[in-house]
Structure formats: C-alpha cells, structure tokens
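Please open the model in a viewer and keep the selection panel at hand. The tour below proceeds one selection at a time.

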Amino acid sequence: GLSYINDGKFDEAINLYNLHTSNNTPYDEDIKWYLALAHLRKGEIQTSKLLFENIALDSKNYYAHTADEIVNKLSKLK
C-alpha cells in the first residue's frame, strides 16, 4: 500500500487498505494511518479528516498525537 501511495496510485492504496481494515491484526494502526494518508494525498480532505479524527480519539494509538495535529491543520483550511 505504501508503495502505491509513493507512486501516486492512491485508489489502489485505498482499495488495498480497505481490504484489511477490520482484520484485527497487529498492523491495524498502520493500516488506518496509511488509509487516511492515501485519502489526504488524493485530495479527499473530508474523508481523510474523519479517518484522522478516529485515529486521534484512540489515545493508545501510536499515531494519535500526529493525527490530532493533522486534524487541527485540516480544520484551519476551511
């Protein structure tokens, strides 16, 4: 998925991450993070903001603090 994002193939990355979002794996945090990032890079601001908000709400999530910062920055865009 990350390779797709780096290559600008955001739809492919999103499809791949969506296939694995609810598999209860040790990689769930990473999958949710990169899914949100793929939507952001694709320009889908509202979708990415919602995904980052969900990440930020989980204080145990490794990406929670960074997701919260991104949500704050995205909120200032509008």
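Select first the buried residues of α3, which are Asp28, Ile31, Trp33, Leu35, Ala36, Ala38 and His39. The model on display is a predicted one. Now show the elements around this set: the cover over the buried residues of α3 includes α1, α2 (10–19), α4 and α5.

Next, display the whole of α3, residues 28–42. How far apart are the end C-alpha atoms of α3? They are 21 Å apart, and this agrees with the 21 Å that 15 residues should span at 1.5 Å a residue. Step just past α3 to Gly43, where phi is positive, at about 95°.

**Tyr34**

Return to helix α3 and select Tyr34. Tyr34 counts as partly exposed because its relative accessibility is 22%, which lies between the 20% limit for buried and the 50% limit for exposed. With residues up to four places away in sequence set aside, Tyr34 touches Leu2, Ile5, Tyr17 and Tyr63. A C-alpha to C-alpha distance drawn from Tyr34 to Ile5 reads 8.5 Å, although 29 residues separate the two in sequence.

**The nonpolar cores**

Select Trp33 next. Beyond residues up to four places away in sequence, Trp33 touches Phe52, Ile55, Tyr63, Thr66, Ala67 and Ile70. Extend the selection to the largest nonpolar core, which has 9 residues: Trp33, Ala36, Phe52, Ile55, Tyr63, Ala67, Ile70, Val71 and Leu74. Colouring by element shows that α3, α4 and α5 each give two or more residues to this core. Which element gives the most to this core? It is α5, with 4 residues. A second, separate core of 8 residues can be coloured apart; Ile5, Phe10, Ala13 and Leu35 are among its members.

**The α4–α5 pair**

Hide the rest and keep helix α4 (residues 45–57) and helix α5 (residues 64–77). Two packed helices are described by the angle between their axes and by the distance between those axes. Here the angle is about 145° and the axes are 8 Å apart. The crossing in which α4 passes α5 is left-handed.

To see the contact, select Ile45, Ser48, Lys49, Phe52, Glu53, Ile55 and Ala56 on the α4 side. On the α5 side, add Ala64, Ala67, Asp68, Ile70, Val71, Leu74 and Ser75. Coloured by class, the contact of α4 with α5 comprises 9 nonpolar, 2 polar and 3 charged residues.

Within helix α4, centre the view on Ser48. Is Ser48 buried or exposed? Ser48 is buried, because its relative accessible area is 0%, and the limit for buried is under 20%. Restore the hidden residues: apart from its neighbours within four places in sequence, Ser48 is in contact with Ala36, His39, Leu40 and Leu74.

**Two exposed positions**

Move to Lys73 in helix α5. Lys73 counts as exposed because its relative accessible area is 60%, and exposed means over 50%. Then go to Asn6, in helix α1 (residues 2–6). Asn6 is exposed as well, with a relative accessible area of 55%.

Finally, draw two C-alpha distances from Asn6. To Lys73, 67 residues away in sequence, the distance is 22 Å. To Leu19, 13 residues away along the chain, the distance is 19 Å.

Note on methods
Residues are numbered from 1 along each chain as its sequence is written. This is a predicted model: local features need pLDDT of at least 70, side-chain atom pairs count only at pLDDT 80 or more; totals for chains, interfaces and linings use all residues. Side-chain values use heavy atoms; hydrogens and water are left out. Buried means under 20% relative accessible area, exposed over 50%, partly exposed in between (1.4 Å probe, protein chains only). Axes are lines fitted to C-alpha atoms, for helices over the stretch in contact, and angles run from 0 to 180 degrees between N-to-C directions. A crossing is left-handed if the near helix is turned anticlockwise from the far one by less than a right angle, and right-handed if clockwise. Contact means heavy atoms within 4.5 Å. Ala, Val, Leu, Ile, Met, Phe, Trp, Tyr, Cys and Pro count as nonpolar, Asp, Glu, Lys and Arg as charged, and the others, Gly among them, as polar. A nonpolar core is a set of buried Ala, Val, Leu, Ile, Met, Phe, Trp, Tyr and Cys residues joined through side-chain atoms within 4.5 Å. The expected span of a helix is 1.5 Å times one less than its number of residues.
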